[in-house]
Amino acid sequence: MRESRATGEGGAGRRFSRRQVVAGAAAVGAGAVLTGPVGRAAADGGAGTGAGGAGAPGVFGPLTVRPSDRRYADLARGANRRWTGTPDAVRLVGSADQVLTAVQEAVDTGRKPAVRSGGHCYEDFVTSDDVRLVIDTSFLDGVGYDPARRAFFIEPGARLGDAYRALYKGWGVTVPGGTCPTVGAGGHIVGGGYGALSRLHGLVVDHLYGIEAVVVDANGTARKVFATREENDPLRELLWAHTGAGGGSLGVVTRYWMRSPGAGAGGAAGGADPAGLLPQPPSELLVSTVSWPWEGMTEAAFCTILRNYGRWCERNSAPGSPYASLFSQLKPAHRSAGSFSMTTQIDASVPGAAGLLDAFLAEVGRGAGVAYRVDDRRTIPWLHATTSWPGFTAPDTTMRFKAKSAYMRKGFPEDQLKAFYRHLTRGDFAGPMSLVMISAYGGRVNAVGAGDTAVPQRDSVMKLHYVTFWQDAADDARHLAWIREFYQDVYAASGGVPRPGDVTDGCFVNYADADLNEARWNGSGVPWNELYFKGNYRRLQAAKARWDPRDVFRHAQSVRLPGGS
């Protein structure tokens with residue numbers, strides 16, 4: 001077993017960090033690598049300046065921030081302002097060894113740990129009152145190529161936008177991850193990871209080759225382990241469990257290695273061209289944003305637009321579809337926003353891309369009787385569109401919010417369409433930033449078996465993200481009531497949640513929704529874990545029993561030990 005309690009970080013190669021510039025990185029090209037990880041400058045507090053002890057030369061941290069520190073208020077909370085933690089300390093780490101030390105300290109002192117990368121957790125999993133030590137991995141943010149393993153590495157603190165820039169500028173490749181550039185890779189990948197290129201290239205975890213993680217055994221000893229998807233790897237099941245179980249269940253991932261299945265197979269170490277080991281995104285995208293005004297929008301017109309969109313997704317979500325490179329989000333917002341929009345992108349190099357886009361737009365609007373307005377249409381380079389174009393990207397708002405999710409195997413039934421209209425036009429509620437993001441899904445996502453990764457939803461055509469944002473705590477009850485009532489009404493026929501069945505197929509673990517644990521909001525008889533993981537949950541529990549038998553890593557929706565609920 002390849003594991004150690006005190007070994008150094010694995011994998012040599014070129015690394016980019018958002019606090020450093022590797023001179024000539026883009027110009028050096030795919031064949032050049034450094035002989036070891038590029039060290040981080042002792043920045044933002046300096047190496048070894050905290051209570052955690054001195055760090056290795058050139059590596060940030062560890063730095064311990066306690067309640068008396070002026071930085072504590074910032075570090076004790078994430079992006080969702082509904083939740084503020086009260087930990088005894090926040091430990092900022094810059095290496096896997098520092099994570100190992102922090103986890104061992106938590107176990108030895110009986111303090112419950114929680115891990116934060118980008119801070120975008122939807123619920124209070126990192127800020128609940130029982131969390132006493134937050135391990136902040138935001139400085140563990142390297143991205144680079146490891147020639148010894150013929151794979152790219154992404155550390156958990158790397159933000160998605162920074163990872164995309166490093167991979168694309170250095171090697172012309174990417175991973176098909178999310179469209180919010182400030183999300184941390186640590187939680188995004190372990191939850192499955194999907195985005196605007198997923199119809200073309202599948203989920204991020206479909207390209208996950210290996211992980212380094214800190215786990216705790218039955219004796220309370222923290223260890224670093226390395227697991228890959230290789231058939232003969234004795235730790236392969238640990239890798240599988242990290243392909244969709246969600247964060248905070250099994251340990252702390254300190255590094256992900258990415259390589260597409262079959263890429264570079266049989267090549268000698270370092271012999272394969274890195275540019276062929278991960279998907280190459282389109283050079284340019286044709287992007288579009290259109291919107292419909294709520295003024296004059298009847299129920300029939302609104303339902304027609306959503307019905308058309310769902311039917312288009314049903315017909316065009318098979319792997320290999322001519323529309324595989326088209327990704328779209330229809331975003332019906334509450335009437336108080338004045339209008340609602342649809343944002344779309346397609347590979348500009350696809351033959352007839354403009355015509356395909358026009359046909360899609362025409363089909364969604366056909367028969368509604370309300371014309372859409374073109375707000376944006378242009379061809380722009382892929383990296384700019386992915387990290388800067390406002391169609392899909394958004395600023396890190398740090399607002400209060402609540403979200404819910406659903407996978408759809410078919411287009412919307414009539415009762416769901418009517419429920420959408422009812423709650424988006426309610427006069428007793430105003431929420432200009434209250435909406436549902438309906439993403440076109442499927443494509444290569446659906447070419448993978450339900451048990452090949454921990455993500456079991458592999459035949460859906462749409463993915464729904466219900467969310468409401470607000471600023472003031474005084475409005476909490478109003479917004480929570482609206483989204484809960486909306487969601488329960490849409491899925492009234494299946495107990496108030498998208499129970500796996502002919503039309504719906506459960507929920508997305510990265511859009512965490514603690515309401516699923518409560519019978520008053522989930523009357524389906526299907527527990528939260530099956531809504532997320534379906535038949536894969538028992539296998540995840542077996543992994544939990546092996547790799548976290550003391551249940552060190554736990555929260556309201558973490559994988560339970562066998563026998564737990």
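## Starting with one tryptophan

Is Trp482 buried or exposed? Trp482 is buried, with a relative accessible area of 1%. Keep in mind as you look around that this is a predicted model.

Trp482 has a partner. Its ring pairs with that of Phe429, and the two are stacked, with 4.7 Å from centre to centre and 5° between the planes. Phe429 counts as buried too, because its relative accessibility is 5% and the cut-off for buried is under 20%. Where do the two residues come from? Phe429 sits in the loop between helix 11 (414-424) and strand 17 (434-440), while Trp482 belongs to helix 12 (residues 476-490), so the pair ties together parts that are 53 residues apart in sequence.

## More rings, and charges over rings

That stacked pair is one of 39 aromatic pairs in the structure. For another style of pairing, try Tyr466 and Tyr491: the ring centres are 6.2 Å apart and the planes meet at 75°, so this pair is edge-to-face. Tyr466 is part of strand 18 (residues 462-470), and Tyr491 is in the loop between helix 12 and helix 13 (528-533), so once more distant parts of the chain are linked, here 25 residues apart. Tyr466 is buried at 1% relative accessibility, and Tyr491 is buried at 1% as well.

Some rings gather in a bigger group. Tyr122, Tyr194, Phe401, Tyr407, Tyr441, Phe469, Phe508 and Tyr511 form one aromatic cluster. Arginines get involved with rings as well: Arg149 lies over the face of Trp257, at 4.6 Å from the ring centre, and Arg259 has its charged end over the ring of Tyr209, 4.2 Å from the centre.

## The chain as a whole

Now step back. The chain has 565 residues, and 61% of them count as buried. Its secondary structure adds up to 14 helices and 18 strands. Take the contacts between residues at least 6 apart in sequence: 72% of these join residues at least 24 apart. On the outside, the accessible surface is about 19,700 Å², with 52% of that belonging to carbon and sulfur atoms.

## What fills the inside

Which residues have the most contacts inside the largest nonpolar core? They are Phe420 and Leu464, in a core of 131 residues. Helix 8 (residues 299-315) gives the most to this core, with eight residues.

Phe420 is a handy place to zoom in. Leaving aside residues up to four places away in sequence, its contacts include Phe302, Leu306, Val436, Ile438 and Phe486. Phe420 also touches Leu464 and Tyr466, the latter being the tyrosine from the edge-to-face pair. Apart from this core there is another, of 17 residues, among them Ala102, Leu133, Val216 and Phe553.

## Backbone oddities

Most residues other than glycine have a negative phi, and most peptide bonds are trans. A few spots here go the other way. Gly61 and Pro62 are joined by a cis peptide bond, with omega about 0°. Pro62 is in the loop between helix 1 (25-28) and strand 3 (63-65).

Arg150 has a positive phi, near 50°. You'll find Arg150 in the loop between strand 7 (143-146) and strand 8 (151-154), where it is buried with a relative accessible area of 13%. Asp551 also has a positive phi, near 55°. This aspartate lies in the segment after helix 14 (537-547) and is partly exposed, with a relative accessible area of 21%.

Note on methods: Residues are numbered from 1 along each chain as its sequence is written. This is a predicted model: local features need pLDDT of at least 70, side-chain atom pairs count only at pLDDT 80 or more; totals for chains, interfaces and linings use all residues. Side-chain values use heavy atoms; hydrogens and water are left out. Rings of Phe, Tyr and Trp (its six-membered ring) pair if their centres lie within 6.5 Å; planes under 30 degrees apart count as stacked, over 60 as edge-to-face and the rest as tilted. Helices (H or I, at least four residues) and strands (E, at least two) are DSSP runs, numbered from the N terminus. Buried means under 20% relative accessible area, exposed over 50%, partly exposed in between (1.4 Å probe, protein chains only). A charge sits over a ring if NZ of Lys or CZ of Arg is within 6 Å of the ring centre and within 35 degrees of the ring normal. Contact means heavy atoms within 4.5 Å. Accessible areas come from the Shrake-Rupley method with a 1.4 Å probe; for residues, only the protein chains shown count as cover. A nonpolar core is a set of buried Ala, Val, Leu, Ile, Met, Phe, Trp, Tyr and Cys residues joined through side-chain atoms within 4.5 Å.
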